[in-house]
Each structure stands twice: as C-alpha cells, then as structure tokens.
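This dialogue shows a learner how to read a protein model, one feature at a time. Please keep the sequence and the structure in view while reading.

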Amino acid sequence: PGQKQTHGFQAEVKQLLNLMIHSLYSNKEIFLRELVSNASDAADKLRFLALSDSSLYGNDGELRVRISLDEANRTLTVSDNGIGMTEEEVISHLGTIAKSGTKEFFSQLSGDQTKDSKLIGQFGVGFYSAFIVADKVTVRTRKAGAAQAVEWESAGEGEYTLAPVTKEGRGTDIILHLREGEDEFLSRWKVESIITKYSDHISIPVEMWQEGSPEREEDGETIAAIAGNWHAVNKATALWTRDKSELTEAEYQEFYKHISHDWSEPLSWSHNKVEGSSNYTSLLYVPKKAPFDMWNREAKHGLKLYVQRVFIMDDAEQFMPSYLRFIKGVLDSSDLPLNVSREILQDTKVTQSLRKGCTSRTLKMLEKLAKDPEQYQLFWDEFGQVLKEGPAEDMVNKEQIAGLLRFASTHNDDASQNVALADYIGRMKEGQDDIYYVVADSYQAAKHSPHLEVFRKKGIEVLLLSDRIDEWLIQHLPEFDGKKLRSVAKGGLDLSNLDDEETKKAQQETAEAFASVLTRFKTALGDEVKDVKVSHRLTDSPACIVTDEHDMSTQMLKLMESVGQ
Ligand code: ADP
Ligand code: MG
C-alpha cells in the first residue's frame with residue numbers, strides 16, 4: 001500500500017476516448033452535464049443504501065454537488081458527497097466499459113468520423129467526456145462507510161494510475177485540468193449558464209461558491225458584511241414532481257438525457273400524476289434512436305423507480321411489458337414500501353396496477369404520436385419490430401396495439417412500412433370483408449408472389465409482410481376492427497363476392513373443361529399433395545401452391561424445419 005500503480009485501459013475505452021474527443025468537440029460543454037449527472041446518481045445510490053443503514057450519512061446528511069473553479073491552477077472540480085467508489089469499483093467503472101455488447105458496438109465502427117460520431121450518441125458518453133476539455137483528470141473518491149480513499153489519474157491516453165490517498169469526507173471529487181484554450185470553463189458565469197441549461201432538473205443542489213463582501217459604507221449607511229457561501233445554481237427539485245404547466249420542452253429533454261444516458265432528444269413523452277386508489281407519478285419517454293443493444297437479451301431496460309421521491313433502483317423492468325422495453329422513464333410510487341426489492345416487486349398487486357397504468361399511458365402516447373405520420377414513421381422504423389411482439393404478449397391491449405402497427409402494402413410501391421390497418425380498411429372494395437396479407441422472406445418476394453395476381457387484377461390491396469416476426473404476429477392477430485386477416489396463400493379463399501355474374505359463369509365453365517386434366521395431375525402427384533384445384537386467382541403464373549385454411553403456412557413450415565421440428 002502507499003504505492004502508485006499504473007493500469008492500462010481496456011481497448012474499447014481507448015477507442016471511445018479517441019472517438020469522443022474528435023466527434024464531440026463542437027458540443028464540448030456537455031461534459032459538465034455528464035459529471036453532474038453521475039454525481040446525482042451517486043447521491044441517489046447513497047440515499048438508497050442509507051434507508052437500511054442511516055449511519056452511512058455520518059455527520060453529512062445534506063447531499064449536494066459542488067463545482068469549484070481555480071483560475072491559478074486552471075482546474076474545474078465537480079465534488080459530490082454521494083456513495084463514492086472503492087478501488088475495485090474505480091478500476092471497473094473508470095477503466096473499462098461494463099455495458100453488454102460493447103465489443104460488438106465497437107466492431108461496427110467504420111473509421112469514418114461523421115458516421116461514427118452518430119453511433120457514439122447511441123452508445124452514451126458518460127464520464128470519459130471529461131477528456132474533451134481536460135488533458136488530465138484526477139478522481140479522488142472515498143466510498144461511504146470506508147476509511148481509505150483512492151486517487152485515479154489519467155491523461156486519457158491508454159493508461160491511468162491509482163494511488164491510496166486521504167480524503168476528508170465520503171464521495172467523489174473529479175478534477176479537470178483544462179486543456180490549453182479551454183479557459184471559458186473557468187468563468188463562473190459560463191459554468192452557471194451550462195448548469196442552468198443542462199442540469200437544472202437535478203434533484204439535489206448543484207452549488208457554486210459565492211464570494212462574500214466586507215462591511216462597507218454607502219451614502220453614509222453601513223452595509224453589513226456578507227459571508228461567502230455555497231449557493232444552489234439549479235432548481236434542485238425532482239423534475240417529475242413539478243407541475244406540467246411550469247415545465248418547458250427543454251427541461252423535459254434534458255431530464256431525458258440524464259435518466260436515459262442517451263445523447264439525442266426524445267421523440268415524445270408523457271407526464272402523469274395519478275391520485276386515488278393508486279398514487280404515483282410517471283414520466284415516460286419514447287427515444288428517437290434504438291439503443292445499440294436493443295436486441296441483446298441481457299441488455300438492461302425498464303424504468304427508474306422511486307418511492308416517495310427516494311431513488312430505489314434503475315432498470316426496473318416489471319413496469320413495462322417486453323414489447324415496450326424501449327420506453328425510458330421514471331416511476332415514483334407512493335404505494336410501494338421503501339424497502340421494496342426486485343423480488344418483492346415480482347408479484348405485488350401494486351406492481352400489476354402500475355404496469356397496467358404505464359402500459360396504457362404508453363399506448364396512448366404512441367397513438368398521439370401517430371397523429372403526426374412523419375414523426376410516427378421515425379418511431380416505427382426504429383421500434384416497430386419490437387412493438388410487433390405486442391399482440392402475442394398482451395391480449396388485453398391487442399386491438400389498441402394492432403392499431404399502432406404499420407405495414408408495407410401493394411398500395412405503395414416501396415418497402416416502407418407505413419400502412420395502418422385502419423388505412424387499409426378505409427380503402428377496402430365494396431363486397432370485401434377481409435384484410436388480405438402475404439408473408440414471404442423478403443419484401444421483393446412478397447411483392448412478386450404469384451398469389452397476388454388475382455388481387456392486382458381486382459384492385460384489392462394486400463399487406464406485404466416480410467419481417468422475421470410477422471408470421472408470429474399474424475398468428476396472434478386473427479382480426480382487427482371486426483375484419484378477419486386472411487393469407488392470400490391459403491385455400492378456401494373466396495373472392496366471388498367481388499365478381500359479377502358473367503365472370504362466375506365463365507369460371508364455372510373453365511373448371512368443367514379442366515376436370516380431366518385435374519385427375520391426371522392428382523394421379524401424377526399422388527401423396528405429395530392433398531388436392532389439385534382449378535384456380536381463378538392466377539393471371540400470369542400457370543400454377544401455385546396453397547395451404548389449407550387451417551394448416552400451417554409454408555413460412556411457418558420453413559421456420560419449424562429450420563429449428564429442427
Ligand atoms: P453511466 O453513468 O452511464 O453508468 P458513466 O461513464 O457516466 O456511465 O459512469 C460510469 C460509472 O462510474 C457509473 O455507472 C458509476 O458507477 C461510476 N461513477 C462515475 N462517477 C461517479 C461518482 N461521481 N460517484 C460514484 N460513482 C461514479
Ligand atoms: Mg453517467
């Protein structure tokens with residue numbers, strides 16, 4: 001002990017640092033938002049642990065963040081009296097990237113700076129953003145309840161050092177040694193304005209030192225001396241507890257960035273206070289971009305849970321069904337006990353009712369978003385695949401979810417999924433009772449399916465389904481708005497309602513004329529097929545294979561075969 005040791009960063013950290021310094025330079029002031037956000041998280045974590053061990057507060061129970069500027073040494077310091085870190089935690093949090101899927105993320109980077117800088121937004125910047133403005137960062141931290149503190153120091157170039165130090169109170173000081181030319185961050189005015197802009201919503205005070213003034217005489221009057229003091233620059237009230245009417249768009253957006261660790265603005269949000277048999281506040285956001293690890297099974301998701309404004313846990317996944325796992329937000333309940341654990345959450349009545357409430361709020365928010373087709377398309381293109389899991393997972397809200405789905409269809413000439421079932425119904429032909437769809441391996445295959453010929457001829461729209469999940473979706477969506485969804489590839493398809501008498505007669509005659517040919521086909525094919533019929537569905541192709549109404553579709557058969565069934 002007492003020795004300074006040198007450690008190397010994980011390879012991905014080096015890549016991240018490099019990329020960040022170059023791509024975020026034009027928006028460098030966000031480093032302060034990231035550091036204040038971490039300080040606030042650290043306060044939340046301490047408050048949570050102190051619920052069961054109040055001695056952790058020691059004699060310092062007022063949680064806050066302090067920012068100090070030192071012009072002579074050219075440093076900016078962010079100090080908190082939150083949870084702090086042990087040496088092991090410093091090594092794992094400030095020397096590696098713990099997120100699942102990190103390797104995959106970095107393997108996607110192309111080396112093209114403009115492209116990569118968009119990706120970095122999805123990844124989240126965090127602590128390492130300090131190096132955008134600092135050429136050396138010193139972190140001194142002491143874990144709550146521990147005696148020993150540790151000092152981490154790095155120039156952001158591949159390695160860092162660790163050394164034991166003495167530090168008076170618990171918590172973390174982050175000292176940025178500003179790069180040449182970054183003197184604006186030594187200006188109190190500048191720093192205050194950044195805090196107001198990005199960190200106003202932080203629920204603990206973000207303080208700066210206010211110089212005092214000595215006793216003085218003015219116009220013959222004595223003005224008393226004012227002592228120097230720390231004073232809060234932000235509002236320091238939990239944002240979701242404030243009234244909707246007093247909150248600005250910018251405040252909602254900044255709060256989103258804080259809780260989601262996302263870099264882009266959210267697409268939409270919904271803020272609700274519920275009082276009565278249930279008492280809670282929810283603030284739910286739809287992100288603009290899917291996180292890089294949305295399809296990673298282990299990826300964390302869920303809401304930030306508070307009980308009576310006390311932070312309880314991140315990523316509480318119990319309050320959202322899986323098909324809405326992309327939603328970010330805060331849930332503050334007054335009905336759950338403060339000592340609630342993940343296990344307890346699993347099966348309480350309160351959880352169920354909160355989940356119901358949050359689900360319904362989210363679906364309403366999406367319906368509202370759908371009123372603006374352009375905005376909704378942004379949402380659909382990012383998260384539509386996830387929402388398609390909905391009808392299978394959530395029986396109760398099936399119809400509402402179905403209303404939010406979008407498909408490609410023969411009505412458009414491109415692959416974009418922008419047709420709602422309600423649009424389709426609005427365009428149905430006279431005499432048409434059902435919604436028709438075709439499922440294929442790709443949009444092109446669906447579009448050129450021979451099954452579509454008769455529909456084209458009759459001018460009937462068909463939904464073109466080609467996503468992996470579509471077969472699964474459609475199995476759980478037998479109807480919408482009282483109309484059956486029917487595959488064009490299944491037998492028993494009766495379009496005769498849409499034909500006139502003359503056509504029907506002509507079809508009858510054709511069938512009779514081909515009777516002997518059919519017998520020959522049947523003999524030749526034997527057990528390979530169930531039946532051979534004359535079809536009026538085809539216009540250009542000579543023949544096609546159909547499945548029986550109640551049989552598995554060919555797509556489903558392929559799927560089953562591929563998993564060895
Ligand atoms: P994120 O906040 O998204 O987890 P960061 O890069 O901002 O990522 O921070 C990495 C981790 O370092 C945090 O999750 C936290 O465990 C730790 N950390 C950072 N700053 C502090 C702090 N001020 N106090 C305690 N822990 C911190
Ligand atoms: Mg952070």
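The turns below move from the whole protein to single residues.

Q: What kind of model is this, and how are residues, chains and ligands numbered or lettered?
A: This is a predicted model, in which local features need pLDDT of at least 70 and side-chain atom pairs count only at pLDDT 80 or more, while totals for chains, interfaces and linings use all residues. Residues are numbered from 1 along each chain as its sequence is written, and chains are lettered from A and ligands numbered from 1 in the order in which they are written.

Q: How many helices and strands does the protein have?
A: Helices (H or I, at least four residues) and strands (E, at least two) are DSSP runs, numbered from the N terminus. Here the secondary structure comes to 19 helices and 21 strands.

Q: What radius of gyration does the protein have, and what would a compact globule of 565 residues have?
A: The radius of gyration is taken over C-alpha atoms, and the globule rule is 2.2 Å times the number of residues to the power 0.38. For a compact globule of 565 residues the value would be near 24 Å, but this protein has 31 Å. Its C-alpha trace spans about 115 × 55 × 45 Å along the principal axes.

Q: What percentage of the residues count as buried?
A: A residue is buried if 20 or more other C-beta atoms lie within 10 Å of its own, exposed if 12 or fewer, and partly exposed in between; the C-beta atoms are placed from the backbone. In this protein, 33% of the 565 residues count as buried.

Q: Where is the largest nonpolar core, and which residues have the most contacts inside it?
A: A nonpolar core is a set of buried Ala, Val, Leu, Ile, Met, Phe, Trp, Tyr and Cys residues joined through C-beta atoms within 7 Å. The largest has 66 residues, and those with the most contacts inside it include Leu331, Tyr437, Val438 and Val488. Another core lies apart from it, with 53 residues, among them Ile67, Ile83, Phe185 and Ile195.

Q: Which residues are in contact with Tyr437, leaving aside its neighbours within four places in sequence?
A: Two residues are in contact if their C-beta atoms, placed from the backbone, lie within 7 Å. By this rule the partners of Tyr437, leaving aside neighbours within four places in sequence, are Val462, Leu463, Leu465, Ile474, Leu485, Ser487 and Val488. For the protein, among contacts with a separation of 6 or more, 71% are between residues 24 or more positions apart.

Q: In which sense do E5 and E6 pair, parallel or antiparallel?
A: Two strands pair if DSSP finds at least two bridges between them. E5 (residues 149–154) and E6 are antiparallel over six bridges, and Trp152 has Leu162 in E6 as its bridge partner. The two strands form a hairpin with four residues between them, and Gly156 in the turn has a positive phi of about 70 degrees. Strand E1 (residues 5–8) also runs antiparallel to E6 (residues 159–165), joined by four bridges, with Gln5 opposite Leu162.

Q: In which sense do E2 and E8 pair, parallel or antiparallel?
A: E2 and E8 (residues 206–210) pair in the parallel sense over three bridges, and Arg66 stands opposite Glu207 in E8. By contrast, E8 and E11 (residues 229–232) run antiparallel, joined by four bridges; there Met208 has His231 as its bridge partner.

Q: Why is Leu56 classed as partly exposed, and why is Ala147 classed as exposed?
A: Leu56 is partly exposed because 18 other C-beta atoms lie within 10 Å. This residue is in the loop between H2 and strand E2 (65–70). Ala147 is exposed because 7 other C-beta atoms lie within 10 Å, and its place is the loop between strand E4 (134–142) and E5.

Q: Which residues surround ligand 1 most closely?
A: A residue is near a molecule if its C-beta atom, placed from the backbone, lies within 6 Å of it. Ligand 1 is surrounded by 15 residues, the closest being Asn38, Ala42, His93, Gly126 and Phe127. Helix H2 (residues 30–50) gives the most to this shell, with four residues. Ala, Val, Leu, Ile, Met, Phe, Trp, Tyr, Cys and Pro count as nonpolar, Asp, Glu, Lys and Arg as charged, and the others, Gly among them, as polar. The shell divides into five nonpolar, eight polar and two charged residues.
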